[in-house]
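New to this one? Take a look at the model first, and then we'll walk through a helix and a few loop residues.

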Amino acid sequence: MKVQGSVRRELLSRANKTKPLVWIGKGGYERSLGEVKRQLESESLIKVRVLKSATLESTKEEIAAGVAASTDSEVLEIKGMNFVLFRPKGGWKRYRGGSR
């Protein structure tokens, strides 16, 4: 289940104005998970940049899905080499009816 409608549009609008807070490089996303988790705890909406060296073994879509699954967050958008992650501070109950 995904964040939908006006909430999704508002989140993407906010994300559009931000710069990437985390970069994923040739070490893979596993090496950046700690930083992604820290940023999601403080910001709840972050932009992540995938460097070309990270896409030698995985696609940016696979990387985004792996990071989202590992951090209990949702990929809102993949655009170019960036993707936007969202994890609400108060938990998913408000957005998904408690399904997560």
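What follows is a short tour of one helix and three loop residues in this predicted model.

Let's start with helix H2 (33–43). Its buried residues are Leu 33, Val 36, Gln 39 and Leu 40. Because they cover an arc of only 125° around the axis, they end up on the same side of H2. That buried side packs against E1, E2, H3 and strand E4 (82–86). Flip to the face turned away from it, and you'll find the exposed residues Arg 38 and Glu 41.

Now for the loops. Leading into H2 from strand E1 (22–24) is a loop that holds Ser 32. If you skip its neighbours within four places in sequence, Ser 32 is in contact with Val 22, Trp 23 and Ile 24.

On the other end, just after H2, comes Ser 44 with a positive phi of about 70°. Ser 44 sits in the loop between H2 and strand E2 (45–50). Further along, Asp 72 is in the loop between helix H3 (60–71) and strand E3 (74–79), and its phi is positive too, near 50°. Why point these two out? Most residues other than glycine have a negative phi.

So how buried or exposed are the three loop residues? Here they are side by side:

| Residue | Relative accessible area | Class |
|---|---|---|
| Ser 32 | 12% | buried |
| Ser 44 | 9% | buried |
| Asp 72 | 33% | partly exposed |

Ser 32 and Ser 44 count as buried because their values are under 20%.

Conventions. Residues are numbered from 1 along each chain as its sequence is written. This is a predicted model: local features need pLDDT of at least 70, side-chain atom pairs count only at pLDDT 80 or more; totals for chains, interfaces and linings use all residues. Side-chain values use heavy atoms; hydrogens and water are left out. Helices (H or I, at least four residues) and strands (E, at least two) are DSSP runs, numbered from the N terminus. Buried means under 20% relative accessible area, exposed over 50%, partly exposed in between (1.4 Å probe, protein chains only). Contact means heavy atoms within 4.5 Å. The arc is that of the directions from the helix axis to the C-beta atoms.
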